[in-house]
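This report describes the strands, the nonpolar core and one loop residue of the structure shown below. Please keep the structure in view while reading.

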Amino acid sequence: MLMRTDPFRDLDRLAQQVFGTAAHPAAMPMDAWREGDRFVVEFDLPGMDPDSLDLDVERNVVTVRAVRPELAGDREVIAAERSRGVFSRQLFLGETLDVDRIRADYTDGVLRLTIPVAEAAKPRRIEIAHGDGHKVIDA
């Protein structure tokens, strides 16, 4: 049986996964870094209504969800290049982070999450008794 193949089909599929389509926008871009004993994650969400943002935490999974509504139907659209619809992204956090104390701020189109390191995961000093005195050793 002869099968016709399209050499660009896989490239098109990959582009849709990375950049998304109008019906299914790509994941929101983010940056993440550590500042001392906390982690910071920033998501680019320009033009989103702050009331459409939703942040859920279940165990060690943080889900960020935002909605950019469709343009009103009574408009004559000249260009529509911005993605619309529901945007969603999940972060799988390590057990060493304190998900109960996550702080979220949305300013100038950037959603910023600040996630502290759990107290139990921070380095601590343990005293070890040695003969008559005590000696402090870093654990």
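## The four-stranded sheet

The model discussed here is predicted. In it, four strands form an open sheet, and their order is 1-2-7-6. The pairing in this sheet is antiparallel. Strand 1, residues 30–35, and strand 6, residues 103–107, are the edge strands, since each pairs on one side only. From one strand to the next, the twist averages 15 degrees. As general background, the strands of a sheet pair through backbone hydrogen bonds, and the pairing may be parallel or antiparallel.

One pair in this sheet can be followed residue by residue. Strand 7 covers residues 110–116 and pairs with strand 6 in the antiparallel sense, over five bridges. Within this region, Val110 in strand 7 stands opposite Thr107.

## The three-stranded sheet

A further open sheet has three strands in the order 3-4-5, again with antiparallel pairing. Its edge strands are strand 3 (54–58) and strand 5 (85–92), each of which pairs on one side only. Here the twist averages 15 degrees from one strand to the next.

Strand 4, which spans residues 61–68, pairs with strand 5 in the antiparallel sense over eight bridges. Gly85 in strand 5 stands opposite Arg68.

## The nonpolar core

The largest nonpolar core contains 18 residues. Those that touch the most other members are Phe43, Leu45, Val62, Val64, Leu91, Leu93 and Leu113. At least two residues of this core come from each of strand 2 (38–44), strand 4, strand 5 and strand 7.

Val62 gives a detailed view of the contacts around one core member. Residues up to four places away in sequence are not counted here. Val62 then touches Leu55, Asp56 and Val57, as well as Arg89, Gln90, Leu91 and Leu93. Ile102 and Leu113 are also touched by Val62.

## A buried residue in a loop

Asp98 lies in the loop between strand 5 and strand 6. Is Asp98 buried or exposed? Its relative accessibility is 16%. Because buried means under 20% relative accessible area, Asp98 counts as buried.

Which residues is Asp98 in contact with, apart from its neighbours within four places in sequence? They are Ile115, Pro116, Val117 and Ala118. Of these, Ile115 and Pro116 fall within the residue range of strand 7, 110–116.

Note on methods:
Residues numbered from 1 in each chain as written. Predicted model: local features only at pLDDT ≥ 70, side-chain atom pairs only at ≥ 80, totals over all residues. Heavy atoms only, no water. Pairing = 2+ DSSP bridges. Axes fitted to C-alpha atoms, helices over the stretch in contact; angles between N-to-C directions. Core = buried A, V, L, I, M, F, W, Y, C linked by side-chain atoms within 4.5 Å. Buried < 20%, exposed > 50% of the residue type's maximum accessible area, 1.4 Å probe, protein only. Contact = heavy atoms within 4.5 Å.
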